[in-house]
Amino acid sequence: MAASGSSAPLPASSASPYPSVARLADSPCFPQYTASLKCLEDNSDKSKCQQEFDYYKECKKKEREARLERNRKRSFFQ
């Protein structure tokens, strides 16, 4: 039986149930992501954050294109 009330976070060394999934904090777009969230926290009007949203969207697009290119270059028949 687990101790009640102890909701300690998992240690960093524990394996993820999905090892192929990258953490958001490891993404090259993390600064744009946090900037867009901060803008939303600071402004009640979402339209004021459109520039941050656009930067994040563009970064994610470039990140996806780079991943697809890496996968294209990877050969399964070596």
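**Helices and salt bridges in a predicted model**

Q: At its relative accessibility, does Arg-72 count as buried or exposed?
A: Arg-72 has a relative accessibility of 59%. The model is predicted, and a residue is called exposed when its relative accessible area is over 50%. The value for Arg-72 passes that cut-off, so this residue counts as exposed.

Q: Which residue meets the side chain of Arg-72 in a salt bridge?
A: Arg-72 lies in helix α2, which covers residues 50-73. The partner stands three residues apart from Arg-72 in that helix, a separation of about one helical turn. The N to O distance of the pair is 2.6 Å, and the partner is Glu-69.

Q: How is Glu-69 classed by its relative accessibility?
A: The relative accessibility of Glu-69 is 33%. Buried requires a value under 20% and exposed a value over 50%. The value of Glu-69 falls in between, and therefore the class is partly exposed.

Q: What is the N to O distance in the salt bridge of Lys-38 and Asp-42?
A: Both residues belong to helix α1, residues 30-42. They are four residues apart, about one turn of the helix. Asp-42 is exposed, with a relative accessible area of 52%. The side chains of Lys-38 and Asp-42 meet at a distance of 3.0 Å.

Q: Which residue forms a salt bridge with Arg-23?
A: Arg-23 is exposed, its relative accessible area being 56%. The partner is exposed too, with a value of 53%. The distance from N to O in this salt bridge is 3.5 Å, and the partner of Arg-23 is Asp-26.

Q: How many salt bridges does the count come to?
A: A pair is counted when a side-chain nitrogen of Lys or Arg lies within 4 Å of a carboxyl oxygen of Asp or Glu. Among the pairs are Arg-23 with Asp-26, Lys-38 with Asp-42 and Arg-72 with Glu-69. The count comes to four.

Q: What share of residues 29-62 is helix?
A: An unreviewed UniProt entry lists residues 29-62 as "domain: CHCH". The end C-alpha atoms of this span lie 10 Å apart. The secondary structure of the chain comes to two helices and zero strands. Within residues 29-62, strand accounts for 0% and helix for 76%.

Q: What percentage of the residues of the chain count as buried?
A: The accessible surface of the chain comes to about 7200 Å². Carbon and sulfur atoms hold 56% of that surface. Burial is counted residue by residue, with a cut-off of under 20% relative accessible area. Of the 78 residues of the chain, the buried share is 8%.

Notes. Residues are numbered from 1 along each chain as its sequence is written. This is a predicted model: local features need pLDDT of at least 70, side-chain atom pairs count only at pLDDT 80 or more; totals for chains, interfaces and linings use all residues. Side-chain values use heavy atoms; hydrogens and water are left out. UniProt positions are given in the numbering used here, feature names are shortened, and annotations may be inferred rather than shown by experiment. Buried means under 20% relative accessible area, exposed over 50%, partly exposed in between (1.4 Å probe, protein chains only). Accessible areas come from the Shrake-Rupley method with a 1.4 Å probe; for residues, only the protein chains shown count as cover.
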